[in-house]
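Here's a quick tour of how the strands in this model pair up. Keep the viewer open while you read.

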Amino acid sequence: MTKAVQKITLSPSRDIPFNKLVLSQSNVRRVKAGVSIEQLAESIAQRTLLQSLSVRAVVDPDGNETGMFEVPAGGRRYRALELLVKQKRMSRTQAVPCVVREGGLAEDDSMAENDERVGLHPLDQFRAFQTLRDLGMSEEDIAARHFVNPAIVKQRLRLASVSPKLHDVYAEDGMTLEQLMAFSVTADHARQEQVWENLSRSGYDEPYQIRRMLTENTVRGSDRRAQFVGLDAYQQAGGGVLRDLFEHDDGGWLQDIVLLDRLVIENSKPKLRRLLPRAGSGSQSP
């Protein structure tokens, strides 16, 4: 006879005034290094609380509930709310969404909540930043709301722009983050995919080799021709430049070599014209 599957019952949730909550001694997170309470408080101020606290009723020596609740899981969120109260940005009696636990061990709840927390895969973060950008948020707005430098947002958006086929390879651990960074040098998806296909078969797929292949038909920004013309003048003439947001690139790579050479010639003519009369005047008899 088939044994019946025992169904679980989830803990009830309720809103509890903040002044009825206390931090539990059963919370296993004791080391505070690297834990930013201020940052989380700002996030709560912007978005409100996104995750409930896990609480247990506080009982007196006779086992009767006192009306207070301890927080064994969610201590960082509790401290962030406490900071908002101290800053008078939140009322002490503000209702806080809580999951009320019964049975088991408070320490086990606290440890499980931390053990089971899984951060975003980097690719999910890249795509999330791109979605925010597509929805109208500027790079500066994204940076401010997620407490990172705008340069980091720019880098993440660049990685989000790499070929979706290469994203799939990265998601399956088929390439490293450093390799994906190298591919972001160009926005040409077809070229990215072609280079990956060639290099992955050969085994010569180090990031520097990826960058070298993607820029093999370009001129470095440090080239004498590029320095002579000037990057601004080249771009104003319609020339494209590949830039690396993850490594120093000496001014990038100029893509239109024909245009660059034409600008070199055009910029050289005025100098030649200035020199020729002098040469002619020097050859005349007094």
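What follows is a short walk through the strand pairing in this predicted model.

## Strand β5 and its partners

Let's start with β5, residues 95-100. Strand β1 (residues 13-17) runs antiparallel to β5, and five bridges join the two. On another side of the story, β3 (residues 53-59) pairs with β5 in the parallel sense, over three bridges.

Cysteine 98 is a handy residue to click on: it is the bridge partner of arginine 14 and also of leucine 53. The side chains along β5 alternate, with Val96, Cys98 and Val100 pointing to one face, where they are buried. Ala95, Pro97 and Val99 point to the other face and are not buried.

## The β3-β4 hairpin

Next, β3 pairs with β4 (residues 65-73), this time in the antiparallel sense and over four bridges. Within that pairing, alanine 57 sits opposite phenylalanine 69 of β4.

The two strands make a hairpin, with five residues between them. Check the backbone at glycine 63 in the turn: its phi is positive, at about 90°.

## The β6-β8-β7 sheet

Further along there's an open sheet of three strands, ordered β6-β8-β7, with antiparallel pairing. β6 (219-220) and β7 (241-242) stand at the edges with a single partner strand each, so one side of each has no neighbour in the sheet.

As for β7 and β8 (residues 253-254), they run antiparallel and are joined by two bridges. Leucine 242 has tryptophan 253 in β8 as its bridge partner.

How values were computed: Residues numbered from 1 in each chain as written. Predicted model: local features only at pLDDT ≥ 70, side-chain atom pairs only at ≥ 80, totals over all residues. Heavy atoms only, no water. Pairing = 2+ DSSP bridges. Buried < 20%, exposed > 50% of the residue type's maximum accessible area, 1.4 Å probe, protein only.
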